Amino acid sequence: MHRTLLLGLSCLAAFSVNARQVITGTATDKETQQPVEGAQVNLLQLPDSVQVEATQTSSDGLFMFYKADSAKTYCLKFQHALYKPLSLPVAQKKGSMINSVGAVTLEPHQYNLKEIVVNGNKMMVTELGDRTVYSIPEGIQKTSTDGVDVLRKVPSVQVDYLNEDITVNGKSNIKIEVDGISRDKGYLKRLHPSQISKMEVITNPSGKYDADVDAVINVVTNPAMRYGLKGMYYAGAFPIAKDGYVGMGNASLDYGLEKISYYVAANGALQKIGINSDMYRESGSNTIDQNASQMINAGMSSVNMGFIYDPDEHNDINFNVAYNNTGYKLDGSTWNRTESDGLSSLLKTTSNTKNTSGGLTTSLFYKHAFDKKTQHGLEAEINYYNSLGNQTKSNFQNTYYNPADSTTELYHIPWQQERSNSTVRNLYGQSNYTLPFDSVYFFNVGISANYNRYITDNTSLSSSIKDLNYTDLRLGSYAEVSRNFSNGSLRVGTRFENSRVDFTSSNPHYYRSILPYVNSLYKFNGNNSLKLAYSRRVIRPTSTQLNPMVSALDSQTISKGNIDLKPAYRDNFQLTYDWKLPIKKVSFNISPQLYYEYQTELIQTIISQNSVTKKFESMPTNIANGYEYGGALSVNSQIGQILFNSNFRYSFYHVDKYLDQIDAMTRHGWNWNSFVMSPLPHNFQFMTMLYMTGPVLNGQTETKTSSIFLLGLGKQFKNNSVLRLIAYNPLTSNFYKSTTTINTGSLYQVQHNYMKKDYGFLLMYVYSFKVGKSIERQKRTVEQQSQDNMIKLPMTY
C-alpha cells in the first residue's frame, strides 16, 4: 500500500515537472504593427537546436505549439520572404499551461521603389472569421481610376455607374472605412489605386457597428505611400445619347512628412440624361395607360480635406472635413389615358422639379495603443453633420384633352406647387476598448450615441399636409470575446440598443433591441476553410419614408410617407467554404456560400386604392414577415497574367400574405457580376465587366433589370498617365431598362423604365505624380511576392 502510494506520488511529481505546455504568440510588422501572415515558425529545443514542431502564422499573425515541455528550454526561429530571419529564446514559464511570448516584431527587408519584384495580377483572397480580405494587385490598380473604381472589381460589391451607389449582395446601407476610420464615398474617390493594398468586405458586422449597418467595406492603404508630395487628377467624357451625356472630374493632392500628412481632394460630375417610361394598370373595370418622358440635368460635387497625425508609435489622430452637394432639375411630360366604367379621359401632366441637397461633415478619430505588441488599445470617434439648404420644389399642371382626337384641349387646371424644406443634423460618437490576454483571447467592449434631428417644412394643396419634426436618440453598447486557435477563430458578442423616437408628441416611442452575433472560422489546412456566421440586425425607416408629405405630382398615384413606421428586424445565417487551388501559374480561389435570412415587420411601399376617393395611393408600410435563402459562388482566379473574378448569387424570396395587397408568394432571383483583366504588349491593358440580374421581389413588386456589359482598353504612358476607352452595352440600344410588375387580387400593374443610348463610350484621362523624398520600401503581401510568377517591372506612381 505504501509502495503504491509512493509510486503514485512520484508519477504525479514527474508529471508536474514535465507538464505539457502550449507556446503561443503573434508575428507583427515592425513598421506598420500589422499581423504578418505566412511566416514559417520553428520550435527548437536547446541546447542542440533539435526541431520539435513547425507551423505558419495565420492571417492574424498567430502561431501555436502544443508539444512543448515546461521543464525544457526552447527558442523560436522565424522565416519569411519579406522579412529578415529572427531567432528568439522562449522564457520558461513553469506552472502554467500557456506560455505566451506576446507580439514578435519582424523587421522587413528594404526594397527600392524604382525597381521592385512584384506579382502583377494575382488577387489573393483570405477568409477571416468576420470578413473576406481581397489583396489589390497591380493589374487592377492599372485599370482603375480611384478607390470607388477599384471597388467595382471586388466580388460581391456592386457600384452603380451613374450615381456610384454602393451595394453589397444587394444591400444598400453600407459603411465605408479607410484603415478602420469612418469615411464617405468622396474620401474613397480621392485615393489613387496604387495607395490601396487590400479591400476588406464584412457581410456580418460585429457589435462595434450600428445595428442598421448591412455591411462594412474597409479599405487598407499602404502607409509608405503617405510620404512626399503626390497628386492625381482625371477627367472623363461619357456621351450617352444625342441629347444626353455624363462628364466627371476628380483631383487630389497629398503632402506627407514623417509624422503628419495633409490632403485635399475634390470631385464632381455633370449629367444630362433622358428617361422614358410606360405603365399599364388594371383594377376591376378601370384601366390606365401612362407614357412619360423626363429630362434630368444634375450636378454633384464633393470636397474632402484633413490630416493624419502619428506623433509616436502609440497614438494616431485623424481629422477630416467633407462637403457634399447634389442638385438636379427635372422636366417631365406624362400622358394618362384612363377607362373607368365605360368612360374615357385623356390627361397630360407637365412638371418641373428642382432639388438641392448637401451638407458638411466634420469628424475626429483618435486611437491609442497601450501596448502594440499585444494589440491592447482604445479608439474613439466623433462625427457631426449639418445639412445646408436642402429643398425640393415641384411645379405641375394638368391639362385634359378630348380622348377621341388627343389634340383638342378641353380645360386645364392652374399650375400647382409642392415644396419641402429640410434641415438635418446628426451627432455621432463611439468609443471601443480592446483587452487581449494570453495572446489568444481578446475582450472588446464599446459604447456609442447617435442623435438625429429631421425638420421638414412641407407645402402642398392637400388639406392633410403635415410637417415632419423628428428626433431620434440612440444609445448603444456591445461586448464580445474572441478566441484564436491554431486552426481557426471564434467570436461571440451582443449589441444592445435603446432608441427614443419623438414626433413632437407627448408620447415618444421607445425601442429596445438585443442583437447577438457569432463569427467562427475553421481551417482544415492552408487551402481549405469553413466559416459560419449569425447576426441579428435592424432595418430602420428613413426620413423620406417617414415624411408625411402628400404629393399629387403623379395624378394617378398619390404618394405619402408614414410616421407610424416601426423598425424591422432580420436574422441572418451564413455558411461559407473557401478553397484555394494553386497549380503552378494557375491559381483558383473558390468560395461557395449558403445563407438564410428571416425578416419581421418588413418595410415595403404598398400601392392600394382608397375606398373613399377611389384614387390609388403609394405609402411605405410595415407588412407581414418573410424570408430569403439561397446560395452564392465566388471565384477569383489567375491564368498566367489574366485575372478573372466572378460572383454568382441565387435567391429564393418569400413574403407572407398582407391584407388584400400582398398574396403569400415565393419567387426566385439571381445576379452575376464578373471582371476580366489582361495586360497587352506596349503597356496596354484590356478589361471587361458584366453585371446581370434576375427578378427581385420587394413586397408587392417584382423587378427585372437589364444587364450591363463593358469593354475597356487602357494605355499607360511613361509620364505616369493613362488613357482609357470604355464601351457601355455596345450591343444594345438601351443603356438601362427595368420592368416592375405588381399582380395581386385587386391590382395588376406593369411599368417599363428605360434610358436610350446612341453612343455609350467613356473616354478618360488619368495623370498622377510624386515628388519629394523617396520611399525606401513598399510592402507587398506574401501572395503578391509568390516565387512561381515573379516579374520585374519599373515602379511608377
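Reader: Let's start with the strands. Which strand pairs with strand β19 (residues 260-283) over seven bridges, and in which sense, parallel or antiparallel?

Author: One thing to keep in mind is that this is a predicted model. As for your question, strand β19 pairs with strand β47 (residues 748-756), and the sense is antiparallel. To see it on the model, find tyrosine 280, whose bridge partner in β47 is valine 750.

Reader: What else is joined to β47, and by how many bridges?

Author: Strand β46 (residues 734-743) is joined to β47 by nine bridges, and these two run antiparallel. Here you can look for serine 738, which has asparagine 753 as its bridge partner in β47. The link between β46 and β47 is a hairpin, made through four residues.

Reader: How many residues lie between β36 and β37 in their hairpin?

Author: Six residues lie between them, and lysine 614 in that turn has a positive phi of about 65°. Strand β36 covers residues 603-609 and strand β37 covers residues 616-622; they pair in the antiparallel sense over seven bridges. For a landmark, glutamine 604 stands opposite threonine 621 in β37.

Reader: Now the rings. What describes a pair of aromatic rings?

Author: You need the distance of the centres and the angle of the planes. The model has 24 aromatic pairs. Take phenylalanine 437 and tyrosine 441: their centres are 5.2 Å apart with 5° between the planes, so the pair counts as stacked, the cut-off being under 30 degrees.

Reader: Which pair is edge-to-face, with 70° between the planes?

Author: That's tyrosine 650 and phenylalanine 652, at 5.4 Å centre to centre. Both belong to one aromatic cluster, together with Tyr534, Phe573, Tyr596, Tyr627 and Tyr629.

Reader: Are the rings in those two pairs buried, exposed or partly exposed?

Author: Relative accessibility tells you. Phenylalanine 437 is at 35%, so it counts as partly exposed, and tyrosine 441 is partly exposed too, with 28%. In the edge-to-face pair, tyrosine 650 has 29% and is partly exposed; phenylalanine 652 is also partly exposed, with a relative accessible area of 29%.

Reader: Where is alanine 103 found, and is it buried or exposed?

Author: Alanine 103 is in strand β7 (residues 98-106). Its relative accessibility is 9%, so it counts as buried. If you'd like a distance to try on the model, go from its C-alpha atom to that of leucine 86, 17 residues away along the chain: the separation is 13 Å.

Reader: Which residues make the nonpolar surface patch of about 560 Å²?

Author: They are Leu435, Phe437, Phe443, Val481, Phe485, Leu490, Val492 and Val518. You've met phenylalanine 437 already, in the stacked pair with tyrosine 441. Three strands each supply at least two residues of the patch: β26 (416-437), β28 (468-485) and β29 (488-502). Valine 481 sits in strand β28 and is partly exposed, with a relative accessible area of 37%.

Reader: One last feature. Which arginine lies over the face of tyrosine 187?

Author: Look for arginine 183, which lies at 4.2 Å from the ring centre of tyrosine 187. There's another case to find: arginine 190 lies over the face of tyrosine 263, at 4.2 Å from the ring centre.

Note on methods. Residues numbered from 1 in each chain as written. Predicted model: local features only at pLDDT ≥ 70, side-chain atom pairs only at ≥ 80, totals over all residues. Heavy atoms only, no water. Phe/Tyr/Trp six-rings, centres within 6.5 Å; stacked < 30°, edge-to-face > 60°. Buried < 20%, exposed > 50% of the residue type's maximum accessible area, 1.4 Å probe, protein only. Lys NZ or Arg CZ within 6 Å of the ring centre and 35° of its normal. Patch = residues over 30% accessible without salt bridge, like charges linked within 9 Å, V, L, I, M, F, W, Y side chains within 5 Å. Areas by Shrake-Rupley, 256 points an atom, 1.4 Å probe, with all protein chains shown as cover. Salt bridge = Lys/Arg side-chain N within 4 Å of Asp/Glu carboxyl O. Pairing = 2+ DSSP bridges.
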